[in-house]
Amino acid sequence: MIRRLAAMAVLTAFLAACTPPKPEAQAPEQAPAAKVTATQPGYMPAKSPTLDAVKKRGYVICGVHAGLPGFALKDARGAWRGFDVDICRAVAAATLGDAGKVRFTIIDAQDRFGALQKGQLDLLSRNTSQTFARDAGLGLSFPVITYYDGQGFLAPRAMGLTSAEELGGARVCVQEGTASAGNLEDYFRVRGMKYRAVMATSEEQARALYEAENCDVFTADISALAASRSLLANPNGHVILPDVISKEPLGPVVRREDPVWAEIVRWTVYATLLGEELGLSADTVEQARETATDPETRRLLGIEGDLGALLGLKADWAFQVIRQVGAYHEVFRRDLGQDSALRLDRGLNALWNAPAPGLMYPPPMR
């Protein structure tokens, strides 16, 4: 018995020595970096009731000014032109693939927020300043700043004024129901200066009162003053004083209840800014779509990544915006800059990396 157990032990040891060793576990190869796409885990396409309504209806309803040169004004053929108008068209190009699918609704300053709250508009694009109370108290959202402005004063050149500090006791035309009226009160109160407000129900009326010399100066956003001056009988007889008495960040407004629609409006504007940043234009974007090798350009134009699907948009949404409406520099130059009657400088509205840097800083497309 002892001899048999010893033999079994010898046999077990022999078999163990003959068994090949197990191979060492190898570290798995590192997976290549994933490209961001709408189908990547963690990224979920969102739904917008407003976008669904726009698609079903076939056009975007956009509230605009009745007639403000450079921003919203019908031309001799009855077609709407202007910076705010082009924002509306860009949203139509992004959502429907056709910048012409917009119906413009004229909205007074006093009615603009109510019309949006009641669902009569998809988008308000009417030289409207973002403020705390408007942002927090109206159930509305300001998705993006399209134009950085400030309030100033328009005065007859013959008065020889060099500063708003010289306006003590002046009669000042201002539109009621606007941020300009409150800024005007603040400016004079802080300086202990007296003035008399000549209230108008519209910018057109304020301009008429000013031209009829029912007031000494006219106050509004500087861009609006430049627009009004272009309509006066003798534009060169009037100057915009150098003082800027407020910050006026202008941009489109949407209902807060549809945050995805706000993202669509925001990224439509960013697409125009990225187009400028990447050197694209309405004339070159089609060729760029065929030849671009830069990853961000390819993502912006929908060649790779299909990021538009995250917002319920087609892959080429940004391409359509730039092709049909233009990059930001084209829109600005055409409506407000050197190719317009206003001839405004870019100033704060230049890109962050321009030779004279501005505040326009679009997030990356990735």
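**Helix 2, strand 1 and their surroundings**

On helix 2, the exposed residues P49 and K56 sit on the face turned away from the buried side of the helix. The model described here is a predicted one. The buried side of helix 2, which spans residues 49-57, includes T50, L51 and V54. These three residues lie on the same side of the helix because they cover an arc of only 100° around its axis. The pattern has a simple background: an α-helix has 3.6 residues a turn, so residues three or four places apart point the same way. The cover over the buried residues of helix 2 includes strand 1, helix 3 (83-96), strand 14 (254-255) and helix 9 (259-277). Just after helix 2 comes G58, with a positive phi of about 95°.

Strand 1, one of the elements covering helix 2, is worth following further. Strand 1 is largely enclosed by the rest of the structure, because five of its five residues are buried. Burial applies to both faces of strand 1, with V60, C62 and V64 on one side and I61 and G63 on the other. As a general point, side chains in a regular strand alternate between the two faces of the sheet.

Strand 1 belongs to an open sheet of three strands, which has the order 4-1-5 and parallel pairing. Strand 4 (102-106) and strand 5 (123-124) stand at the edges of this sheet, and each has a single partner strand, so one side of each is left without a neighbour in the sheet. Between strand 1 (residues 60-64) and strand 4 there are five bridges, and the two strands run parallel. Within this pair, I61 has R103 of strand 4 as its bridge partner, while G63 stands opposite T105. Towards the other edge, strand 1 and strand 5 are joined by two bridges, again in the parallel sense. Here C62 has L123 of strand 5 as its bridge partner.

Helix 3, also part of the cover over helix 2, has a packing arrangement with helix 12 (residues 317-324). The two helices meet at an angle of about 145°, and their axes are 8 Å apart. The crossing of helix 3 and helix 12 is right-handed. A90, A93 and A94 represent helix 3 in this contact, meeting W317, Q320, V321 and Q324 of helix 12. Sorted by class, the contact between these helices comprises five nonpolar and two polar residues, with no charged ones.

Two residues elsewhere in the chain give a closer view of local surroundings. A206, in helix 7 (residues 203-211), has a relative accessible area of 0% and is therefore buried. Beyond its neighbours within four places in sequence, A206 is in contact with C173, A200 and F218. The C-alpha atoms of A206 and V174 are 6.2 Å apart, although the two residues are separated by 32 residues in sequence. Q175 lies in strand 9 (residues 170-175). Q175 counts as buried because its relative accessibility of 8% falls below the cut-off, under 20%. Leaving out residues up to four places away in sequence, Q175 touches A109, A181, M199, A200, T201, S202 and E203.

For the chain as a whole, there are 13 helices and 14 strands. Buried residues make up 48% of the 366 residues of the chain. Among contacts between residues at least 6 apart in sequence, 70% join residues at least 24 apart.

Note on methods: Residues are numbered from 1 along each chain as its sequence is written. This is a predicted model: local features need pLDDT of at least 70, side-chain atom pairs count only at pLDDT 80 or more; totals for chains, interfaces and linings use all residues. Side-chain values use heavy atoms; hydrogens and water are left out. Helices (H or I, at least four residues) and strands (E, at least two) are DSSP runs, numbered from the N terminus. Buried means under 20% relative accessible area, exposed over 50%, partly exposed in between (1.4 Å probe, protein chains only). Contact means heavy atoms within 4.5 Å. Two strands pair if DSSP finds at least two bridges between them. The arc is that of the directions from the helix axis to the C-beta atoms. Axes are lines fitted to C-alpha atoms, for helices over the stretch in contact, and angles run from 0 to 180 degrees between N-to-C directions. A crossing is left-handed if the near helix is turned anticlockwise from the far one by less than a right angle, and right-handed if clockwise. Ala, Val, Leu, Ile, Met, Phe, Trp, Tyr, Cys and Pro count as nonpolar, Asp, Glu, Lys and Arg as charged, and the others, Gly among them, as polar.
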